[in-house]
Amino acid sequence: MHPAPALPSSAQTAGEVDPARETIEQTLSRLQATRDGLSSSEARLRLGRFGPNALPRPHVSALARLLRYFWGPIPWMIEAAAILSALVRHWPDFGIILALLVFNAGVGFWQETKASNALDALNRQLALRCRALRDGSWSELDPAQLVPGDLVRVRLGDIVPADLKLIDGDFLSVDQSALTGESLPVERRAGELVYSGSIARQGEMVGVVHATGAASYLGRTAALVARAGAVSHFQKAVLAIGDYLIYLSLGLVVLLVLVELQRGLPWIELLQFALILTVASIPVAMPAVLSVTMELGELALSKDKAIVSRLESIEEMAAVDVLCSDKTGTLTRNRLSLGEPLLLAATDAQSLNLHAALASRAGDGDAIDEAIHAALPELPAGWTPRHYLPFDPVGKRSEGAWEDTQGETWSFSKGAPQVMLDLCAADAGGRARAQGWIDAQAARGMRTLGVASRRGQQAWRLDGMLSLFDPPREDSARTIADARALGLTVKMVTGDNLAIAREISVQLGIGPDIVPADAVFGGAAAQADALVRRVVDADGFAQLYPEHKYGIVKALQDAGHRVAMTGDGVNDAPALKQADVGIAVSGATDAARAAAALILTAPGLSTIVKAVEEARRIFERMNSYAVYRITETIRIMLFVVLAMLAYGFYPITAVMIILLAFLNDLPIMTIAYDRTAVDPAPVRWDMRRVLTVSTVMGLTGTAGSFLMLYLALDWLRLPIAQVQTYIFLKMAVAGHLTLFVSRSRGAYWRRPYPAPVMVWSALLTKLAATLLCAWGLGLVAPIGWADIGLIWAYSIAWSLLTDAAKRAVYRHFAHGAPRHRRFLELLKRPLAPGVPSRYH
């Protein structure tokens, strides 16, 4: 295994002095900085000189972005059809084709501009914060305002905001995997460098900024937030449908061209018609429909105080069936207050609180430290801090060293009770007494903390135990009930004490089966099959370490579940990244927010339920679009090609096909605004069902078009031009009715009713098609109002038949689903003990 490459300093890349080879004092001198930080006026001057701490983004002009929509396979086909129309002097066709081309380009450009603006707004909302020493006091700053010479404090969970040389503190363990690919954190001490984009895993140190923006190794912190736009499972399915439609259309067109050329039709006119027919059948509106649907979902969530950092996570939420929730600060309020303590070596509660405060540091935003300092009026006068070791999730304790007024050194520590009992080497009697008190507090939902002290280098003595109460949030129980109503299984994952976790879990209705980490990951339980079974069966897990949370999410995924994971701390980041949907709750650390796909900016979990509901609505809209698009392609392509082969004339003209595509694009865009039912269970893409429903509807529509052709040609004996108008109006009216039929699994005239914008867009475009057929306008042969009434009545009647066929297919799948699931379960059963099924 080759060692990870050493990181070059940013100064080296700029051809300047290497700060890694300088002493701390040399770096401070070169940067004209002191240990007291910069003044605000000096920082402003340096900001003007060095620029903001961000990398410049390449600028693409609006004109260049617009012109991109006229370049590509689909635009080329439309442009080729326009050129051929001009060559044969079909100027109405030429004008309508150009209008379609400009319309699609305009819609795409408008959506891209909206997406770009939304991304800029997202980056502003997700702007990370840092602590810098300005004007002699520590304050929070936007990392973009950092300049060389600033002093920055980095602690557990922070993302390093710029390239720093560490100057004060004991150690800092940083995760550089985003920079070097190293899987393990590296330890840095005073005089060493840390780089922008690294994540602090343990420790706390102060560093001086020596490089920012383009001169830093990584640069801007906003790059840590995953950008929206990756292709999701649902989008891949819809794009696969698009490919299927293209191949189907091209196959039918090639067949048509070969037969008609043999019959002697002019090749240029036939080629123009074939191109137009292909363009009308290819889902040119698909990118715009996807974009609008996703953005409306993002907008709906933003109103509920949730920011989507990866847009595809909205769709992934539709398939999530397990929600793993952290406890502290997520299910509970994370507002601690002290209860009745257990006094051991301490003489009274005030002394015990004082020792705990001396093992803390105020102003760091830690909830436990704030609760302890809130219960203590002031620290003893004359005592001088000498050393502070902050809490980390592995050691599970903090420590402070002080010098009293007599010059004597004292050490104080607080942390998890088990850790403190081991630190003080408590005897069996002391452990039993402490454990009995801890269990009693846990039964009341109290959190416990051990406090120890020592003089000089003497042995640690256990002063006592503090109890802290962190009650559940008011909305947690209701949110969990709502999640279960949507088919979600909620599991608690926490590093807290088993008894406390079980008490909170029972209060919230999650369940009493909370198991400790060693019962899941220890010994024989850690074997793959046993691990998966135990993780799936348990209601929650306690006393976890970071790798355990990751392992739980991975085990659930191995069992076939789609997992959402909530968290707020740096110890949650690996699991958040592994989960199908990582959710950083309000107040989460920078590292947790960077790993998450959904970031909550308001307290509580109710937004998660709304996100699931919105995701399932989006799924239904995408499903409706897929069914409609396949149905229309089969209905138009199959009918036109077969009619030309059977009758030897165009059943519909090229300009009519273009008009149909133009009129259909407007209503289909409104699918993104449609009112849809929320499925009570997690949903996943079922391509077999989509293709079956679409094919049945498409063939039913094709039969309806042939019957209309027979009525117009053989029964009414109309001239060819009016027959074409009949077919055009029938396809226009029936096409919009197909949109309503495809949007639901039940009768299309029942609830949920379509959105008003969807109804009005369909009515207006149908009205436009009707008036065109009545007046002609030089584009179609006009027909009478009696004929128009007949076509409308026929189309509505046939839509009822299509709807009945659709419902019959859905009933078939509904009745077959239980048998299908039982068959899959049989396939997944082990063939023999220790021999898993190949389908598992």
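A search of the whole structure, a predicted model, finds seven aromatic pairs. One of them joins W410 and F412 in a stacked arrangement, with 6.2 Å from centre to centre and 10° between the planes. Both W410 and F412 are buried. W383 joins W410 and F412 in one aromatic cluster.

A second pair brings together Y647 and F649. Their ring centres are 6.1 Å apart and the planes stand at 65°, so this pair is edge-to-face. The cut-off for that class is an angle over 60 degrees. Y647 is partly exposed, at 35% relative accessibility. F649 is buried, with a relative accessible area of 16%.

**Overall architecture**

The protein has 840 residues, and 53% of them count as buried. Its secondary structure comprises 28 helices and 22 strands. Take the contacts between residues at least 6 apart in sequence: 72% of these join residues at least 24 apart. The accessible surface is about 36100 Å². Carbon and sulfur atoms account for 59% of that surface.

**Salt bridges**

Side chains of opposite charge can pair when their charged atoms come close. In this model the count comes to 28 salt bridges. The table sets out three of them.

| Salt bridge | Closest N to O | Separation in sequence |
|---|---|---|
| R361 and E204 | 2.2 Å | 157 residues |
| E316 and R562 | 3.7 Å | 246 residues |
| R386 and E403 | 3.3 Å | 17 residues |

Start with R361 and E204, whose side chains meet at 2.2 Å, N to O. This pair links distant parts of the chain: R361 sits in the loop between α12 (349–358) and α13 (367–374), while E204 belongs to strand β7 (residues 199–211). R361 counts as partly exposed because its relative accessibility is 29%. E204 has a relative accessible area of 9%, so E204 is buried.

The R361 and E204 bridge does not stand alone. R153, R155, E204 and R361 are linked in a network of salt bridges. R153 has a further role in the picture, as R153 lies over the face of W138, at 4.7 Å from the ring centre.

Next come E316 and R562, with their closest N and O atoms 3.7 Å apart. E316 is in helix α11 (residues 313–319), and R562 is in the loop between α20 (546–558) and β20 (563–567). Are the two partners buried or exposed? E316 is buried, at 11% relative accessible area. R562 is buried as well, at 17% relative accessibility.

The third bridge joins R386 and E403, where the closest N and O atoms are 3.3 Å apart. Here two strands are linked: R386 lies in β12 (residues 384–389) and E403 in β13 (residues 397–403). R386 is exposed, because its relative accessible area is 53%. E403 counts as partly exposed, at 24% relative accessibility.

**Drawing the pieces together**

The examples cover several settings. E316 is buried and so is its partner R562. Buried E204 meets partly exposed R361. Exposed R386 meets partly exposed E403. Among the aromatic residues, W410 and F412 are both buried, whereas Y647 is partly exposed and F649 is buried.

Methods
Residues numbered from 1 in each chain as written. Predicted model: local features only at pLDDT ≥ 70, side-chain atom pairs only at ≥ 80, totals over all residues. Heavy atoms only, no water. Helix = DSSP H or I, 4+ residues; strand = E, 2+ residues; numbered from the N terminus. Buried < 20%, exposed > 50% of the residue type's maximum accessible area, 1.4 Å probe, protein only. Contact = heavy atoms within 4.5 Å. Areas by Shrake-Rupley, 256 points an atom, 1.4 Å probe, with all protein chains shown as cover. Salt bridge = Lys/Arg side-chain N within 4 Å of Asp/Glu carboxyl O. Phe/Tyr/Trp six-rings, centres within 6.5 Å; stacked < 30°, edge-to-face > 60°. Lys NZ or Arg CZ within 6 Å of the ring centre and 35° of its normal.
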